[in-house]
Amino acid sequence: MENTFKGITDPFVLKNGVRIPCVGLGTFKLTNDAEGVQVIESAIVDCGYRHIDTAAAYKNEASVGKAVKASGVPREKLFVTTKVWNVDRGYSQARQAFDLSLERLGLDYVDLLLIHWPATQKHYMRWEQVNIDTWRALSEIYAAGKAKAIGVANFKPSHLEALMDEEIQPMVDQIEFHPGYYPKETAEFCRENGILVEAWSPLGRGKVLESPVLEKIAAAHKKSTAQVALRWILQHDALPLPKTTHLERMEENADIFGFTLTPAEMKAIDEMPETGYTGQDPDTVDF
Ligand code: A2P
C-alpha cells in the first residue's frame with residue numbers, strides 16, 4: 001500500500017492524536033558521550049531529524065539531552081522516546097526509573113515512553129501481572145503529562161493481549177522488523193488494535209544490505225538497498241528507526257520518499273529468507 005509521507009518529519013498519528021515523525025534516529029550502541037552528542041546534534045541540525053529514540057539501557061540519555069539542547073530546535077518540535085529497562089519492572093521501580101531517565105535527559109517530559117521488553121514466563125510465574133504493574137506506572141506518568149504517549153517494545157501478541165483490558169492501551173510497539181525478518185503476526189495484531197509498529201534494526205544491523213533481492217529492487221529504483229529496506233517498512237505502515245554515525249548515511253536514510261515499491265516488490269521482500277535476525281525472541285532472551 002502507498003502512504004503519503006513526503007519527508008521524515010511528516011507524522012504518523014497515534015491513537016491519542018499525538019503526531020510522531022515517520023522516521024527516527026536509533027541510538028543503541030552510541031555510548032561515547034562526546035560522539036553521541038555530535039552524532040545526534042548533527043542529525044537534528046544538519047539532516048532535519050526530529051525524532052530520537054533512546055532508552056535507559058542505552059546509557060546515552062544524557063547525550064540525547066545535551067544534543068537536544070545544543071541543537072537550538074524548540075523542545076516541542078522534537079520527539080524523544082525513552083524506555084524502562086528490565087530491572088525496573090513493577091510499579092514503583094518503573095516510576096523511579098522514569099524520574100531518573102528524565103533527570104539524565106534534562107527534560108520535563110518525554111514524547112514516548114516504552115516498556116523495553118515484556119516480562120515473560122521464563123523469568124516470572126505471574127508475568128502478566130508484572131507487565132500490568134509496570135504498565136500502570138506508565139499510565140500514571142502519561143496521565144500526569146510527563147510522557148505524551150506510552151507503549152511497549154518487543155511485545156508479541158500474547159504479551160499485548162494481557163494489557164488490552166487496561167484503561168489506557170499501548171499506542172506503540174517497537175519490535176525487530178527488517179527485510180529478512182518480517183514479524184507479520186505482531187504487525188497484524190497491532191494494526192487491528194490501532195497500535196503503531198516501530199521497527200528497530202530496520203537494516204538488520206547492516207546485515208541485509210547485500211541481499212540480492214534488495215539489490216535488484218534498488219537498481220530498478222536507482223536507490224540504495226538501505227533506502228529500499230526503509231521504504232518497505234514505511235509501506236507496511238511501520239516507523240523505521242535506523243542507526244548510523246555517518247552524516248551521509250543519515251541523509252540517505254532520510255531520502256526515502258520519492259519512490260514507491262510495487263506490490264510485487266513488497267511481496268518479494270516480505271518473503272526473503274531469514275537474514276540479519278538477532279535471534280532475540282522476547283520469550284527466551286536472557287535479560
Ligand atoms: P554506521 O553507523 O557505520 O553507518 P540498524 O539500524 O538496522 O541496526 O543498522 C545499523 C547498521 O547499519 C550500522 O552498522 C550502520 O553503520 C549501518 N548503516 C546505517 N545506515 C546505512 C546506510 N545507509 N548504508 C549502509 N550502512 C548503513
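This report covers salt bridges, selected residue environments, backbone angles and a charged surface patch in a predicted model.

## Salt bridges between helices α1 and α2

Across the whole structure, a search finds 12 salt bridges. One of them joins the side chains of Lys-66 and Asp-33, with a distance of 2.5 Å from N to O. Lys-66 belongs to helix α2 (residues 61–71) and Asp-33 to helix α1 (residues 33–45), so the bridge ties together parts that are 33 residues apart in sequence.

Both partners fall in the partly exposed class. Lys-66 has a relative accessible area of 42%, and Asp-33 has one of 31%.

## A buried pair: Arg-75 and Asp-111

Arg-75 and Asp-111 also form a salt bridge, in which the closest N and O atoms are 2.9 Å apart. This pair links distant parts of the chain, 36 residues apart: Arg-75 is in the loop between α2 and β5, while Asp-111 is in the loop between α3 (91–105) and β6 (112–115).

Arg-75 has a relative accessibility of 16% and therefore counts as buried, the cut-off for that class being under 20%. Asp-111 is buried as well, with a relative accessible area of 7%.

## The segment after α10

A salt bridge of 2.7 Å, N to O, connects the side chains of Asp-286 and Lys-122. Asp-286 sits in the segment after α10 (263–270) and Lys-122 in the loop between β6 and α4 (127–143), so this contact ties together parts that are 164 residues apart in sequence. Asp-286 is exposed, at a relative accessible area of 65%, whereas Lys-122 is partly exposed, at 39%.

Lys-156, Asp-281 and Asp-283 are joined into one network by salt bridges that share partners.

## Thr-82 in strand β5

Is Thr-82 buried or exposed? Its relative accessibility is 0%, so Thr-82 counts as buried. The residue is placed in strand β5, which spans residues 79–84.

Beyond its neighbours within four places in sequence, Thr-82 has contacts on both sides of β5 in the sequence. Before the strand, the partners include Thr-54, Ala-55, Ala-56 and Glu-61. After it, they include Ser-101, Leu-105 and Val-110, together with Leu-112, Leu-113 and Leu-114.

## Two glutamines: Gln-129 and Gln-169

Gln-129 is part of helix α4 and is partly exposed, with a relative accessible area of 26%. In space, its C-alpha is 8.4 Å from that of Ala-162, although the two residues are 33 apart in sequence.

Gln-169 is in the loop between α5 (157–161) and β8 (172–176). With a relative accessible area of 27%, Gln-169 is also partly exposed. Which residues does Gln-169 touch, not counting those up to four places away in sequence? They are Lys-15, Trp-135, Leu-163 and Met-164. The C-alpha atoms of Gln-169 and Gly-151 are 7.8 Å apart, and the two residues are separated by 18 residues in sequence.

## The loop between β9 and α7

Most residues other than glycine have a negative phi. Two residues in this loop have positive values. Ser-201, in the loop between β9 and α7, has a phi near 45°. Arg-205, located in the loop between β9 and α7, has a phi near 55°. The accessibility of each residue is as follows: Ser-201 is buried, with a relative accessible area of 4%, while Arg-205 is partly exposed, with 42%.

Arg-205 also takes part in a positive surface patch, where the other members are Lys-29, Lys-207 and Lys-243. Of these, Lys-207 lies in the loop between β9 (196–200) and α7 (212–221).

Definitions and conventions: Residues are numbered from 1 along each chain as its sequence is written. This is a predicted model: local features need pLDDT of at least 70, side-chain atom pairs count only at pLDDT 80 or more; totals for chains, interfaces and linings use all residues. Side-chain values use heavy atoms; hydrogens and water are left out. Helices (H or I, at least four residues) and strands (E, at least two) are DSSP runs, numbered from the N terminus. Buried means under 20% relative accessible area, exposed over 50%, partly exposed in between (1.4 Å probe, protein chains only). Contact means heavy atoms within 4.5 Å. Patches are made of residues with over 30% relative accessible area and no salt bridge: like charges are joined within 9 Å, nonpolar side chains (Val, Leu, Ile, Met, Phe, Trp, Tyr) within 5 Å. Accessible areas come from the Shrake-Rupley method with a 1.4 Å probe; for residues, only the protein chains shown count as cover. A salt bridge is a side-chain nitrogen of Lys or Arg within 4 Å of a carboxyl oxygen of Asp or Glu. Lys and Arg count as positive and Asp and Glu as negative; His and the chain ends are not counted. The place of a charge is taken as NZ of Lys, CZ of Arg, CG of Asp or CD of Glu.
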